[in-house]
Amino acid sequence: MTNRRGISEFFSSIFEQFKRPYTLFAYSYVKDMNEAEDIYMDVMMRLWENRKELPDDIHYPSYILTAIKNRALNFLRQQNTITDTNEYVTIHQLRELNFRISSLEACDPTELFTDEIQQIIKETLANLTEYTRLIFFMSRYENKTNKEISQELNINIKTVEYHVSKALKALRKSLKDYLPFFISGLI
């Protein structure tokens, strides 16, 4: 596989993975599905065109969502300008449009991902056995070595390694959609 082909496949997977949720995100503000789809397509096209200028450590989901947010804001501001000159627009419609603009301005895409990822981690850890969860917490949250955990719990070091590995495998599976885009300090 050539590097070019790999990049193309990577962008294709990003395009497909985020198409529906990000189009719906845009739609929730612009209230026009065709416009939301156009915003998504335009952002993805520009991402592809500018891929060589992007930093290596870019977090694509946040970057794309931020670009969609900005395009949706531009669209809404343009709509606001049009409604200012249209005498048939009701006060309610104008207020509703201004509300969408202000709520979109307040939206922080990185916060959306942080909250979503934290919820996935919390749910995944909650589904582990109590013993696996305890060992994982000791390892990752209390920063204890495998040897310290084995001594404290009076178990074999291989047992500690097994449970930590089991927890990491469950987290990797739960976070599989995010792993190509960032390296978590947890995993």
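## A walk through an all-helix model

Met33 is found in helix 2. That's our way in, and one thing to keep in mind from the start is that this is a predicted model. Because its relative accessibility is 32%, Met33 counts as partly exposed. On the outside of the protein, Met33 joins Leu24 and Tyr27 in making a nonpolar surface patch of about 220 Å².

Now step back for the overall layout. The protein has 8 helices and 0 strands, so if you read the elements from the N terminus on, you get α-α-α-α-α-α-α-α. Of the 187 residues in the protein, 34% are buried. The exposed area comes to about 12,100 Å², and carbon and sulfur atoms supply 51% of that. As for how the chain meets itself, take the contacts with a separation of 6 or more: 64% of them are between residues 24 or more positions apart.

Back to the first two helices, this time for their rings. How many aromatic pairs does the structure hold? There are 2 of them. Phe15 and Tyr40 make a tilted pair, with 5.4 Å from centre to centre and 45 degrees between the planes. This pair links distant parts of the chain, since Phe15 sits in helix 1 (residues 3–30) and Tyr40 in helix 2 (residues 33–49), 25 residues apart. Are these two rings' residues buried or exposed? Both Phe15 and Tyr40 are buried.

The other pair, Phe18 with Tyr22, is stacked: the centres are 4.8 Å apart and the planes differ by 20 degrees. Here the partners are 4 residues apart in helix 1, so about one helical turn separates Phe18 from Tyr22. The cut-off for buried is under 20% relative accessible area. Phe18 counts as buried because its relative accessibility is 6%, and Tyr22 does too because its value is 5%.

One more ring is worth a look, this time with a charged partner. Arg51 lies over the face of Trp48, 3.6 Å from the ring centre.

That brings us to charges in general. Side chains of opposite charge can pair when their charged atoms come close. In this model, the count comes to 4 salt bridges. A good place to begin is Asp42, whose side chain meets that of Arg46 in a salt bridge at 3.4 Å, N to O. Both Asp42 and Arg46 lie in helix 2, 4 residues apart, which is about one turn of the helix. With 38% relative accessibility, Arg46 counts as partly exposed.

Asp42 also has a salt bridge with Arg71, and there the N to O distance is 2.8 Å. Why does this pair tie together parts that are 29 residues apart in sequence? Because Asp42 lies in helix 2 while Arg71 lies in helix 3 (residues 60–85). Arg71 counts as partly exposed as well, at 28% relative accessibility. Put these together and you have a network of salt bridges linking Asp42, Arg46 and Arg71.

Further along the chain, Lys144 and Glu152 bring their side chains together in another salt bridge, at 2.5 Å, N to O. Lys144 has 22% relative accessibility, so it counts as partly exposed.

Let's finish with two leucines. Where does Leu128 lie? You'll find Leu128 in the loop between helix 5 (109–126) and helix 6. Although it's in a loop, Leu128 is buried, with a relative accessible area of 11%. Which residues is Leu128 in contact with, leaving aside its neighbours within four places in sequence? They are Arg133, Ala167 and Ala170. His163 is 35 residues from Leu128 in sequence, and in space the two are 9.7 Å apart, C-alpha to C-alpha.

The other leucine is Leu134, which lies in helix 6 (residues 130–140). At 38% relative accessibility, Leu134 counts as partly exposed, whereas Leu128 is buried. From Leu134 to Ile149 is 15 residues along the chain, and their C-alpha atoms are separated by 9.8 Å.

Terms used
Residues are numbered from 1 along each chain as its sequence is written. This is a predicted model: local features need pLDDT of at least 70, side-chain atom pairs count only at pLDDT 80 or more; totals for chains, interfaces and linings use all residues. Side-chain values use heavy atoms; hydrogens and water are left out. Rings of Phe, Tyr and Trp (its six-membered ring) pair if their centres lie within 6.5 Å; planes under 30 degrees apart count as stacked, over 60 as edge-to-face and the rest as tilted. Buried means under 20% relative accessible area, exposed over 50%, partly exposed in between (1.4 Å probe, protein chains only). A charge sits over a ring if NZ of Lys or CZ of Arg is within 6 Å of the ring centre and within 35 degrees of the ring normal. Patches are made of residues with over 30% relative accessible area and no salt bridge: like charges are joined within 9 Å, nonpolar side chains (Val, Leu, Ile, Met, Phe, Trp, Tyr) within 5 Å. Accessible areas come from the Shrake-Rupley method with a 1.4 Å probe; for residues, only the protein chains shown count as cover. Contact means heavy atoms within 4.5 Å.
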